[in-house]
Amino acid sequence: MKKPKVLPDPENPIKLLDLKLTPAKKWAAGIPAVTAALSDVVEEGIPFRGVRALFTMNQKGGFDCSSCAWPDPDDDRSPIGEYCENGAKALADEATMKKVTAKFFAENSVNNLSKLTDFEIGRQGRLAEPMYLPENGTHYLPISWEKAFEKISTHLNALHSPDEAAFYTSGRTSNETSFLYQLFAKEFGTNNMPDCSNMCHETSGTALLSTIGIGKGTVKLDDFYHSDVIIIIGHNPGTNAPRMMSALEKGKKNGAKIIAINPLPEAGLMGFKNPQEISGIIGNGIHYADLYLPVKINGDMALLKAISILLLEMEKDMPGHVLDQEFINEKTTGFESWAEQFKNYDLPSLAISAGLSEQEIRKAAEIIGNKRKIIFAWGMGLTQQPNGVDMLKEIVNILLLKGSIGKPGSGVCPVRGHSNVQGNRTMLINEKPTKEQLDKLKEVFGFEPPRKRGYDVVGTIHAMHEEKVKVFFAMGGNFLSATPDTTFTAAAMQKLRLSVHVSTKLNRSHLIHGKEALILPTLSRSDIDMVNGVHQFISTENSMGVVQSSKGILKPVSDKLMNETHIVCNMAMATLKDRSVIDWKSFADDYDKIRDVIEKCVPGFENYNIRIRKKGGFYLPNAARDGKFITAEFGDRAPFTITSVPENELAENEYMMATTRSHDQFNTTIYGLEDRYRGVKNERRVIFMNQKDMDKAGFKAKDKVDLYNFDAGIERVAPLFLVVPYEIPERNTVTYFPETNVLVSINNVVGESNMPASKFVKIQIRRHRENPD
């Protein structure tokens, strides 16, 4: 008789492990990355299943990695493998044959499961059948798909207003499902469509749309190969987008200078050993950063202003050799007013605000000075700052000075996280759809879509707390672990009448739930999706605007899984019934029909079903990439934007904290407990501190501390962390996400984009109290 699955002891939810510290790495990838990638496949007990899938992942005609959105090469894809270490971990995680069944839930109460760490929760295996938690229930119970949809429709139709429901979307959702999902929400009557972009790159879209006319990046992968200067700011490619390092390697070999700007000296910013080349196996690899600038948290704006001052000074000394005056005159507006502001700034003060020396900043300006082909690539180190929108506008200002947008080898590159987060937005997943988008839906489908702006993520959490949202439906993701102010958000979710989560794996959001709760298990990217005997494919959009097909190859772990498109269509048919004007069943039966209507509703998808079948997919139109700036306020010119440098004051007992990911995780999915590049093993409850700060506070390595935040007079605490000395600016600290999300106030948001400012959190650090009152 098979023994029941034994879970870790839930009585102590915080049990520190044996933290081991080693020196931080100076380079990323290499043979250790290959070993780590394959070890996860072996550990899951799927060596043949996993390796077969790895050789298909990200290949033309294969399936799209469910991890990051970094693009695949247009032509020269490696026959050895187009995946990175984290991609292999993501594949092993979803391709596992471990299953979470009704028997598992019968043996483990929701209360006990909720006391496990996110890592322990995620290791239980793939969800195998739909589950239901009744009001006041202690254990999830099996439920049929038919009854599950009936339960959803009953709750939705009982609402006083459609706006009492919110429909969340994760980046892993396909174009086809995303389009149908937003279509259902609008026919139901609401624009409450929070999505993961509200927590990662909403800032990028907000800044770019108002300055260059499109809320996306402007570069192609080929631009990295031919750029003169690549500036990586607020981003760690070694962990967040490891395949980016291959592009940086090509650029570097072709003569590009690389400037790395980040509070932490990350391995992926310093060097790269390509495991597919001899030099990456037996050699020293390639050194990346020609200049590393260890900027203070939120000191980026001061740095960008300082660079602009120096570029303007250099132009005075060498007229016509630094700024692209022709580009400025023909393509931009507001230059004179923008340049005038710098009479109020001086380099020494800006250097202090940035936490850098004047000499370091001058080196950056000298590298940029006479170059035209410049790329700025950024991540959430900028987008999750309170002034993130302004900082990105300042980046655009520098590129406009240089004429470095809309030309080969240059442009803006927001490094997106989840693999189809950009595609979701293209498919109209947006709480604030435009009039043109809504008018087109009305024209094509014949119903009047809602015009009222809906809730984003932060707005949804507030609305749940105020009981204005009573039903929450999540298409993928781990909402609770991804969002800020964990205690506040958890309390909000528990006020819901019904919470529904479409998922592949068990996560914390299933355990902190509404009065009733449903878990709906779905297919993963690597799973075979059979509809009426036909092997279906879906499509996704990567971070550079390429739309490509994705077709799973693995047999699903259970015959009780349902693909996301069918989940949406069945929910729509059960909820809307005869009042719907849309033939939902036809979409469920044939994905081509979904693509046919996408073609009618979304610009750039002409001949969708023909072009998506071409290997490698197709590029969506990008006017800014072609040098055309079409903005609502300034017509065909890109504006220079006047911004300000923040005064970041800290009390004597305060530190600035930024959250980050370890190398053993992707978003909220934690694959292991080793942050190899930073030299941390066996523990995630750590806080990286400058040694001088530790000495002043009387802390030693591995001391136990508690972390506090007091925004708006509310005490938030993250107990029992271990101090880790690290090369980081003084008064700055870094911790792992999501363990310290509890410290990120729901009101600490980015201006204009309303994203959580998780990279700008003021904290106090106190010695851990073993028995607090």
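This report walks through one helix, the nonpolar cores and some salt bridges of a predicted model.

## Ground rules

Residues are numbered from 1 along each chain as its sequence is written, and side-chain values use heavy atoms, leaving out hydrogens and water. Because this is a predicted model, local features need pLDDT of at least 70 and side-chain atom pairs count only at pLDDT 80 or more, while totals for chains, interfaces and linings use all residues.

## Helix α7

Let's start with α7, residues 145-157. Helices here are DSSP runs of H or I with at least four residues, strands are E runs of at least two, and both are numbered from the N terminus. The buried residues of α7 (under 20% relative accessible area, 1.4 Å probe, protein chains only) are W145, A148, F149, I152, S153, H155 and L156. Seen down the helix axis, they fall within an arc of 165° (taken from the directions from the axis to the C-beta atoms), so they line one face of α7.

## Salt bridges

The whole structure holds 44 salt bridges, each a side-chain nitrogen of Lys or Arg within 4 Å of a carboxyl oxygen of Asp or Glu. On α7, K151 pairs with E516 at 3.3 Å, N to O. K151 lies in helix α7 and E516 in strand β18, so the pair ties together parts that are 365 residues apart in sequence.

D527 and R126 form another salt bridge, with the closest N and O atoms 2.9 Å apart. D527 is buried at 3% relative accessible area, and R126 is buried at 0%.

Terms used
Expected span 1.5 Å × (residues − 1). Buried < 20%, exposed > 50% of the residue type's maximum accessible area, 1.4 Å probe, protein only.
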